[in-house]
Each structure stands twice: as structure tokens, then as C-alpha cells.
Amino acid sequence: MDYYDILYILEDYIGPILFGLFFLLAFLNVPIAVSLGLSAVVGLFIIDLPMNVFPSIMYASIGKFTLMAIPFFILAGVIMEYAGISQRLIRFASVCVGHRKGGLITVVVVVACFFAAISGSGPATVAALGSILIPAMARAGYDKGVGTALMSASGAIGVIIPPSIVFVVYASIADVSVGALFSGGILPGILVGVVYILAALWMSRNNTNIIPQPKASRKELWAAFGEAFWGLLTPVIILGGIYGDIFTPTEAAGVAVIYGLFVGIFIYREIKPKDLWRLFMDAAVSSGTVMFIIAGASIFAWLLTTSHIAADISESMLGYGLNKYAMLLMINLIFLVAGCFLDANSALYIMVPIMMPIVREFNIDPVHFGVFICVNLAIGLITPPVGINLYVGCNIAEIPVAEICRKIIPFVLAGIIALLLVTFIPEISLFLPRFLK
């Protein structure tokens, strides 16, 4: 048996080899992007394709106009954090509802939704808000673990409420309108926020140590609104410009950067010239990490398609003879499991090429599909072992991961309830895209 005979035999097992090697490398704590890239290199070697396709496909995958929105939205989120917008949003939400029973719980979720509309990133939302809100909840008598779990779960709304980086990535893979996905994510994002509030209220129902905040006067309310106004205006400018056909989502990301710098330097005066270098470096590191993952995942996904692995898996799933609703449950289960081990961008590049033939076969709207798998991946941000929001929250609160893993269970269950509603009631995600069309 010579060298080519061995390759011929291995080619029949290219699928198990690709996935097996990837999960082995990921299990060994090799970075996800590197795990995807190395697995793809082995795959190219087995099916005897020239290695020069590797850099060309990677470059083509990240050289799309749509994906230019990612580094701009990341930069806009960093600018907003440096500009002090998060503190002002928290202050405004606190004077509005902080005095009510469970008011601080509502503050966490509402502010997370607003900041999500600025940053577009779950971990960034937890990092920006958690350092303020988690200690505030502890001082108000809330259980620290519950507060950390709530903050971690609420931060995940950042990938559902537009502008969402996950939506931008999905749009580039599935060739779907980014604007339609953005509008489709608004109501599901609010729904997820509501179920998280209910879950936190249920967990705190017997806590007699909670100290409600004093009710703010009308003067304090207007003062807080005035300070938060420029931050509240950010999502209005971004989304209003997109849906008003003033600019594209990618252009909106650039506008958000310019607006954020203007507010931070001239209005709030929190950003100083000396801060710009560090600000741009933070954004560059975050953007580079995301784009590197996309580049590695794209070559992996291309190999799945080229070697017909994706088509074979799709045909196998269709061969079960399931009806539409059973298939939707299966898709959700697959993405929930994938979210436990993969970051959102990697999961999209690996799973979407497999699922799109099924989506077409069952006549599922691609916008609806994109929204409910995005909710899936948001839940993945709070499910071990790769629930990155959990680790960010634990680092801020200085509590063991084991503790937050117990406290996060009610939020995961609440998120799954919201997911099922979004999955089986398409109008939740399709009403606004159709209304704004």
C-alpha cells in the first residue's frame, strides 16, 4: 500500500477526521481559530488539494464589505465604554425603576439591552456593566451569585439586540439582509430580557435582605435623562439610519464610531487625547481575534462544502422523515449543544452550510432561522464549558465558576422557553422586518 492508497482510504473518513481533530485540539485548549485552521490543513492534505487555496480562501472570507461592520461596531463599543456612557445609562435606569421591588434586577436587564444596542457583543456588555452593577446588587442585599448570573445572562442579549456582530456574520454566510436581521432581533431580544427578569425575581423571592433604593425626585429623573440622552441617542442614530435608508449597516458602524468619539471628546469629555492609543489598541485586539476566528472557520466551512460533508449530513438529517416542527427541535438541540463548545462565529461557519439545505427544504424563512439560531448562540454564552460570559462575570465578581454554574440554570431554562417561543411563533422575529420593508 503506497502513500496515495492511504490518502484514498482516509478520504472516505474525511468528515469524522475533520470534526474529531477539531474537537481534540479544542479539548486540549488550543485556540478555536487555530484548531479550525489546523483541522482544515489536514483536510486539504487528505483530499490532495494545493495548500495555496488556504490563504486565498481565508482572505476572501474576511474581505467582504458586510464584515467591515464588525471592527467598526467593536470600536464603537469600546469608545462608548471609554466615554462613560455605561455609567450614565445605569444611573438613568436606576432613577426610573430602582425604587420598585426587584427594581435593580430590571435595571441590569434594561441597561444591558441598551448597551447591547451599542456594543453588539455579549462579553463586552458584561465587562462594561458588570463592574458597576454586580457590586451594586450585592450592596442592595441581592445574592452575589444571582447578581453575577443575571449580569452574565443579560450580557448575552448583546448578540440578539441590534447591532449584532453575530447577525453580520450570519448575513455574510447565508446572503441575507443585515437590516432585516437587525429588525428581526429586536422583539426576541426584548422577550429574552423579560424572561430573565422573571427568572431573577423568582430566585430572589425569599430574599429578605434586599434594600430598595429611594424613589428619585422629578428633578433627579430629568437630570439623569439629560446625562444619558447622548447615549440613548446612539441606537436611534444607528438603527434609524439603517431603516431610513440613509446608510447601510456597514456605514452605520462607521457613523457610530464618529458619533461616539464626538460624544466622548466634546460632550462628556471623558476621552482624552492620551486615551486614544489605548482605545484603538483594545478595539484592534478584539477585532483581530474575531476576524482570525472567522478566517479559520471559513476554510473549515469551505472544506465541509467542497468535500460534500455538509450535503451528506443534510441529506442524512432529511432522511429521518421528520416533520417541520420536529426538525426545528432537532436544529435547536444541535445549536444548543454546539453553543456549549463553540463560540458563536465558529458555530455559524460550521453549522449554517449544513443547515441551509434543510431550511430551504422546509421553506423556513432565512431571517427567522437566523434570529432563532442567534438566540441559541446567546444561550451558549452562558452554558459551560465555553460560556465566555460566565468567566467574565466570575472574574469581575471574584466568585468560583462552580457557584455561578449552579445559579445560571434558571436563566438557561428561561432562555430556552424564550427560544421555543421565537422558534415556533415566527411572527415574533418576522413582524418588524415585514413592517419596515
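**Exercise 1. Two loop residues with positive phi**

Is Arg269 buried, partly exposed or exposed, and at what relative accessibility? Place Arg269 and Asp175 in their loops, and describe the phi of each.

*Solution.* The model is a predicted one, in which local features need pLDDT of at least 70 and side-chain atom pairs count only at pLDDT 80 or more, whereas totals for chains, interfaces and linings use all residues. Residues are numbered from 1 along each chain as its sequence is written, and side-chain values use heavy atoms, with hydrogens and water left out.

Step 1. The classes are defined by relative accessible area, with buried under 20%, exposed over 50% and partly exposed in between (1.4 Å probe, protein chains only). Arg269 has 57% relative accessibility and therefore counts as exposed.

Step 2. Arg269 lies in the loop between helix 14 (249-267) and helix 15 (275-306), where helices are DSSP runs of H or I with at least four residues, numbered from the N terminus. Its phi is near 55 degrees, a positive value in a residue other than glycine.

Step 3. Asp175, in the loop between helix 10 and helix 11 (178-184), also has a positive phi, of about 55 degrees, although it is not a glycine. Because its relative accessibility is 73%, Asp175 counts as exposed.

Step 4. As background, most residues other than glycine have a negative phi, and most peptide bonds are trans. The second half of that statement leads to another backbone feature: the peptide bond from Pro162 to Pro163 is cis, with omega near 0 degrees. Pro163 is found in the loop between helix 9 and helix 10 (165-174).

**Exercise 2. The second largest pocket**

Determine which helices supply the lining of the second largest pocket, and classify the lining residues by polarity.

*Solution.* Step 1. On a 1 Å grid over the protein atoms alone, a pocket is an open set of points where a 1.4 Å probe fits, with protein on both sides within 12 Å along at least five of seven lines, and lining residues have an atom within 4 Å of a point. The second largest pocket has a volume of about 260 Å³, a volume being the space filled by probe spheres set on the points, which are joined across faces, edges and corners.

Step 2. The lining has 15 residues, of which Val110, Cys113, Phe114, Ile161 and Ile190 are the closest to the centre of the pocket.

Step 3. At least two lining residues come from each of helix 7 (103-119), helix 12 (186-203) and helix 13 (218-243), and helix 7 gives the most, with 6 residues.

Step 4. The lining divides into 13 nonpolar residues, 2 polar and no charged, where Ala, Val, Leu, Ile, Met, Phe, Trp, Tyr, Cys and Pro count as nonpolar, Asp, Glu, Lys and Arg as charged, and the others, Gly among them, as polar.

**Exercise 3. Helix 22: span and packing**

Compare the expected span of helix 22 with the separation of its end C-alpha atoms, and identify what its buried residues pack against.

*Solution.* Step 1. The expected span is 1.5 Å times one less than the number of residues. For the 16 residues of helix 22 (residues 409-424) this should give 22 Å, and the end C-alpha atoms are 23 Å apart, which agrees.

Step 2. The buried residues of helix 22 are Phe411, Val412, Ala414, Gly415, Ala418, Leu419, Val422 and Thr423. In general, an α-helix has 3.6 residues a turn, so residues three or four places apart point the same way.

Step 3. These buried residues pack against helix 9 (144-155), helix 12, helix 17 (324-341), helix 19 (366-380), helix 21 (401-407) and helix 23 (427-436).

Step 4. Helix 17 also holds Ile331, which is buried because its relative accessible area is 0%. Leaving aside neighbours within four places in sequence, Ile331 is in contact (heavy atoms within 4.5 Å) with Met355, Ile358, Phe369 and Phe372. The C-alpha atoms of Ile331 and Phe372 are separated by 10.0 Å, at 41 residues apart along the chain.

**Exercise 4. Cysteines without partners**

How many disulfides does the rule give, and why is Cys96 not bonded to Cys113?

*Solution.* Step 1. A disulfide is a pair of cysteine sulfur atoms within 2.5 Å, and by this rule the count comes to 0 disulfides.

Step 2. The closest cysteine sulfur to that of Cys96 belongs to Cys113 and is 15 Å away, therefore too far for a bond.

Step 3. Cys405 is in no disulfide, the nearest cysteine sulfur, that of Cys394, being 7.0 Å away.

Step 4. Cys96, at 28% relative accessibility, counts as partly exposed, and Cys405, at 24%, counts as partly exposed too.
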